[in-house]
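Visitor: Could you take me through a close look at a single part of this protein, the salt bridges? I'd like to know which side chains pair up and where they sit.

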Amino acid sequence: MTKSIFIATAEAYSGKSVIALGLVNMLLGKAQKIGYFKPIINAAPQEQTDAHIETIRSHFQLPIAYEDTYAYTRPEALRLLEADKQGELIETIIRKYKQLEDHYDFMVVEGSDFVGQGTAYEFDSNISIAKNLGTPVLLIISGTGKTTAQVVSALLTALRSFEAREVQVLAAVANKINPEQVDDVWQLLRAQLPEDIILAVIPEDKNLLNPTMKEIHEQLGGTLLFGKELLSNQVDNFVTGAMQVPKFLNYLKENVLIVTPGDRGDIIICALQANLSASYPKVAGIVLSADLVPEEPIMRLLEGSQTLLPIIAVKTGTFQTSAQLWATQSRITPDNRKKIDLAIQTFERYVDVQALDQRIAAFQSAGITPHMFQYRLLQWAKRQRRHIVLPEGNDDRILRAAARLLNQDIVDLTILGNPEEITASFKRLGLEVSNEHLHLVDPATSDYYEEYAQTFYELRKAKGVNMDMAYDMLRDVSYFGSMMVYKGHADGMVSGAVHTTQHTIRPALQFIKTKPGVSVVSSVFFMCLPDRVAVFGDCAVNPNPTAEQLAEIAISSAESSLRFGIEPRLAMLSYSSGTSGEGADVDKVRKATQLVKEKRPDLKVEGPIQYDAAVDPIVGKQKLPNSEVAGQASVLIFPDLNTGNNTYKAVQRETGALAIGPVLQGLNKPVNDLSRGCTVDDVFNTVIITAIQSQNE
């Protein structure tokens with residue numbers, strides 16, 4: 001399984017590049033193929049390439065195309081968020097990420113930069129992306145301009161935001177910390193952070209923070225007059241040359257950039273001479289302001305000099321130019337090998353690399369989000385193409401879902417009904433479908449009608465069925481569709497948009513029958529809650545199961561959960577938790593829990609347990625402190641249909657959760673029932689679930 005880590009921050013210019021370079025360098029010592037993904041970049045590639053991505057790709061020679069390293073530009077992402085289309089944004093990011101993940105041993109994901117419009121959305125979006133990708137986080141906070149208390153508060157606040165969304169933070173980095181604050185920041189954070197979070201406190205380093213003359217030129221624009229070969233000079237200080245030369249010389253500091261009007265030839269010559277003198281600090285470069293260039297004799301003198309500084313001429317005035325220089329932020333670019341090496345050395349010096357490596361290796365995602373769940377379903381369904389029969393060709397929801405399924409090339413479909421009427425309905429709805437993978441069948445005129453009736457008669461004649469009855473029954477779309485599945489002419493069936501649950505299930509019970517060792521057909525709903533997917537069973541089929549049936553439902557639900565990528569942690573629900581309650585209802589749940597433990601000792605199960613204790617970590621710890629299920633249940637088994645059906649509908653309506661199902665379990669071949677109030681999405685998802693179930697057959 002591919003491992004990954006998400007580099008996140010809550011502010012601009014936090015120093016993510018130092019961490020990214022150090023991480024990739026560390027990981028290349030452990031894995032051969034490292035992928036790099038930044039879901040949201042600042043600008044379109046034709047406008048400006050992302051410095052972080054280009055530096056990582058270039059320095060480590062990663063075999064990854066630039067266009068594969070991102071999903072959206074900042075303006076594109078902002079438009080989606082403002083239009084309340086975060087789901088679309090997340091789904092595209094997941095798809096792009098997964099396409100990369102398949103080709104790499106490890107993925108480093110970098111959060112957005114907090115530069116430009118939309119920063120109000122940004123922090124929450126980064127949490128959501130990390131959550132949906134199932135990646136642990138390395139959290140970075142900058143100490144620039146902050147007191148010790150502000151640094152500590154900022155990091156703890158950001159950490160709590162990730163923890164509230166159940167996103168695991170492996171390491172916290174306080175970066176760019178004033179050297180005088182380092183010890184205090186370390187002690188205060190270490191005392192308040194959880195023990196399992198790795199802490200690094202990195203002091204600010206002007207060699208990493210300060211820009212080069214090349215970056216100054218890119219920031220200001222203007223014309224480079226001299227010194228192209230020295231653009232790598234680092235700028236540590238600024239001074240304005242607006243005074244007389246003797247006083248000006250007193251303001252020169254190491255690696256100083258001088259800003260002066262272009263007509264101050266005296267300052268220019270003074271700067272060149274000071275740079276050559278062993279008595280004065282090194283001068284990094286000169287910016288000539290006010291749209292002025294030196295007079296001809298000065299230019300001739302400069303052109304004849306052997307050692308020249310970078311000299312840039314700009315049109316802006318001295319004050320505006322100085323303001324722009326102060327706002328310049330340095331980026332580690334592919335051509336600055338010195339800074340790249342320093343960044344890697346800084347990471348190795350201040351981050352406990354061994355501990356981080358161990359934490360990454362041991363990380364297990366606590367759950368799966370709805371977006372990732374639906375992405376996986378789609379990929380699993382496409383992995384082995386299946387043929388699904390839809391008996392209700394007279395329902396527009398079925399036809400709309402069928403068109404989506406066919407256009408996305410997921411399954412082959414047979415739709416039952418009058419072919420001419422179905423074709424007319426497709427046209428009326430404005431739907432274009434592929435005929436290659438679509439079959440329209442009228443049961444009464446099908447080539448298989450005689451064969452199916454004969455088979456049904458042979459299977460049910462002991463129950464008093466004669467041939468006339470068999471012919472009559474096989475005109476019914478539910479019986480015909482179920483017989484297609486039984487005979488292997490379809491891999492599964494989805495019905496119930498028009499028909500009752502009993503009408504859908506009865507044929508399957510009569511001749512498809514249950515799997516060996518299974519005595520009861522039951523159901524689960526996959527409840528796609530805002531940040532996780534839970535499995536609810538049984539909310540659709542069995543009105544009042546016995547303890548033995550309840551245990552069987554729990555085991556089947558656990559197997560369904562595992563089949564669809566959700567680790568089963570079973571909660572056997574009741575109106576009391578642990579040993580506190582008495583009465584026939586709670587005793588039934590207690591007995592069922594014991595039967596599950598006896599039949600499947602490998603499963604994590606807790607019961608009886610109340611709903612809040614099952615799903616809320618705080619309540620679970622209070623009521624059942626030693627339970628490995630309480631507070632983190634993923635499969636919730638309801639004691640009866642009344643409780644289960646009402647609960648799933650209440651959760652669905654109150655939280656806006658997507659409920660996929662009911663998904664029937666226990667049959668030899670998959671037949672699934674829709675609610676008569678189902679949506680097109682419900683039909684679409686249930687067909688995909690059915691296709692995946694049939695891949696196991």
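Guide: Happy to! Let's begin with a cut-off: a residue is called buried when its relative accessible area is under 20%. K16, at 5%, is therefore buried. Keep in mind that this is a predicted model.

The partner of K16 is E110, and their side chains form a salt bridge with 2.6 Å from N to O. E110 belongs to strand β5 (residues 106-110) and K16 to helix α1 (residues 16-27), so this pair ties together parts that lie 94 residues apart in sequence. E110 is buried too, with a relative accessibility of 0%. The pair is also part of something wider: K16 and E110 are linked with K38, D50 and D113 in a network of salt bridges.

Other bridges sit within one helix. In helix α2 (residues 51-60), R57 and E54 are three residues apart, which means about one helical turn separates them. Their side chains meet in a salt bridge of 2.4 Å, N to O. Here the surroundings are partly open: R57 is partly exposed at 22% relative accessibility, and E54 is partly exposed at 21%.

Helix α4 (residues 86-101) holds K98 and E101, again three residues apart and separated by about one helical turn. Their closest N and O atoms are 2.8 Å apart in a salt bridge. K98 counts as buried at 13% relative accessibility, and E101 is buried at 11%.

These are a few examples from the full count, which comes to 33 salt bridges.

Terms used
Residues are numbered from 1 along each chain as its sequence is written. This is a predicted model: local features need pLDDT of at least 70, side-chain atom pairs count only at pLDDT 80 or more; totals for chains, interfaces and linings use all residues. Side-chain values use heavy atoms; hydrogens and water are left out. A salt bridge is a side-chain nitrogen of Lys or Arg within 4 Å of a carboxyl oxygen of Asp or Glu. Helices (H or I, at least four residues) and strands (E, at least two) are DSSP runs, numbered from the N terminus. Buried means under 20% relative accessible area, exposed over 50%, partly exposed in between (1.4 Å probe, protein chains only).
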